[in-house]
Amino acid sequence: RLRCENCSFGHFQPDEGATTCIRCGLGSFADTSGMTECRQCAAAGAVTYFEGAYNSSACICPRGTFFDGGRCMICPERGLFCPGGHEVSRGGRDQTLLLEEGFMTLQGDVRYILTCLNGKERCPGLRSPYVADEVCKRDLGLK
């Protein structure tokens, strides 16, 4: 006689009486035992990089996207490097973003990437876009 047991974290089983459990697929997780379906990552565009995720901290924005306004947004074509990896359950600003050489933002708004007039020397990039380069702001007549 078989004894039914709850599926463990990261697994589910929709059929009552089944004796095997199924790992949650990519982009989903099971954060309690005995789930009949996995929860989807809450942020639009978020993924998990492994099957069987057992909590929402496994949901991240993939490479080529950044977290903004509760969703994973596609990275602009120029000026911003989006390596991915922001844990969407943390919310807040995506701290994985890096500016490319010769570009800046104003007041950290990554929706508006500006080209620095004096190029790479004044805006070396590879720093958080949330702090605009003071020299670039002067070049644009903003200070």
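**Note on disulfides, cores and two single residues**

1. With -85 degrees about the S-S bond, the disulfide between cysteine 24 and cysteine 38 is left-handed. Cysteine 24 sits in the loop between S2 and strand S3 (28-29), while cysteine 38 sits in the loop between S3 and strand S4 (39-40), so the pair ties together parts that are 14 residues apart in sequence. The sulfur atoms of cysteine 24 and cysteine 38 are 2.0 Å apart. The model discussed here is predicted.

2. How accessible are these two cysteines? Cysteine 24 has 0% relative accessibility and therefore counts as buried, the cut-off being under 20%. Cysteine 38, at 15%, counts as buried too.

3. A search of the whole structure finds five disulfides. One of them joins cysteine 7 to cysteine 21, with an S to S distance of 2.1 Å. The torsion about this S-S bond, between cysteine 7 and cysteine 21, is about -95 degrees, so the disulfide is left-handed. Cysteine 7 belongs to the segment before strand S1 (11-12) and cysteine 21 to the loop between S1 and strand S2 (22-23); the pair therefore ties together parts that are 14 residues apart in sequence.

4. Are cysteine 7 and cysteine 21 buried or partly exposed? Cysteine 7 has 5% relative accessibility and counts as buried. Cysteine 21 has 39% and counts as partly exposed, because the partly exposed class lies between the 20% and 50% cut-offs.

5. Cysteine 41 and cysteine 59 also form a disulfide, with their sulfur atoms 2.1 Å apart. This link of cysteine 41 and cysteine 59 is left-handed, with -80 degrees about the S-S bond. Cysteine 41 and cysteine 59 both lie in the loop between S4 and strand S5 (65-68), so the pair ties together parts that are 18 residues apart in sequence. Both cysteines, 41 and 59, are buried.

6. Which residues make up the largest nonpolar core? This core has 11 residues. Cys41 and Cys59 are among them, as are Cys61 and Cys72. The other members are Phe29, Ala43, Ala46, Ala53, Ala58, Phe67 and Val88. Apart from this core lies another, of seven residues, including Phe66, Leu97, Leu99 and Val110.

7. Alanine 43, a member of the largest nonpolar core, touches Phe67, Gly70, Arg71 and Val88, leaving aside residues up to four places away in sequence. Phe67 and Val88 are listed in that core as well.

8. Serine 28 is found in strand S3. Its relative accessible area is 4%, so serine 28 is buried. A polar atom of the side chain of serine 28 lies 2.8 Å from the backbone oxygen of glycine 25.

9. What does serine 28 touch, not counting residues up to four places away in sequence? The contacts of serine 28 are Cys38, Arg39, Gln40, Cys41, Thr48 and Ala53. Among them, Cys41 and Ala53 belong to the largest nonpolar core, and Cys38 is the disulfide partner of cysteine 24.

10. Glutamine 95 is placed in the loop between strand S7 (80-81) and strand S8 (98-99). Its relative accessible area is 57%, so glutamine 95 is exposed, the cut-off being over 50%. Glutamine 95 and glycine 85 are 10 residues apart in sequence, and their C-alpha atoms are 9.3 Å apart in space.

Definitions and conventions. Residues are numbered from 1 along each chain as its sequence is written. This is a predicted model: local features need pLDDT of at least 70, side-chain atom pairs count only at pLDDT 80 or more; totals for chains, interfaces and linings use all residues. Side-chain values use heavy atoms; hydrogens and water are left out. Helices (H or I, at least four residues) and strands (E, at least two) are DSSP runs, numbered from the N terminus. Buried means under 20% relative accessible area, exposed over 50%, partly exposed in between (1.4 Å probe, protein chains only). A disulfide is a pair of cysteine sulfur atoms within 2.5 Å. A nonpolar core is a set of buried Ala, Val, Leu, Ile, Met, Phe, Trp, Tyr and Cys residues joined through side-chain atoms within 4.5 Å. Contact means heavy atoms within 4.5 Å. A polar contact is a pair of N or O atoms within 3.5 Å; within protein, one must be able to donate a hydrogen and the other to accept it, and residues adjacent in sequence count only if both atoms are side-chain atoms.
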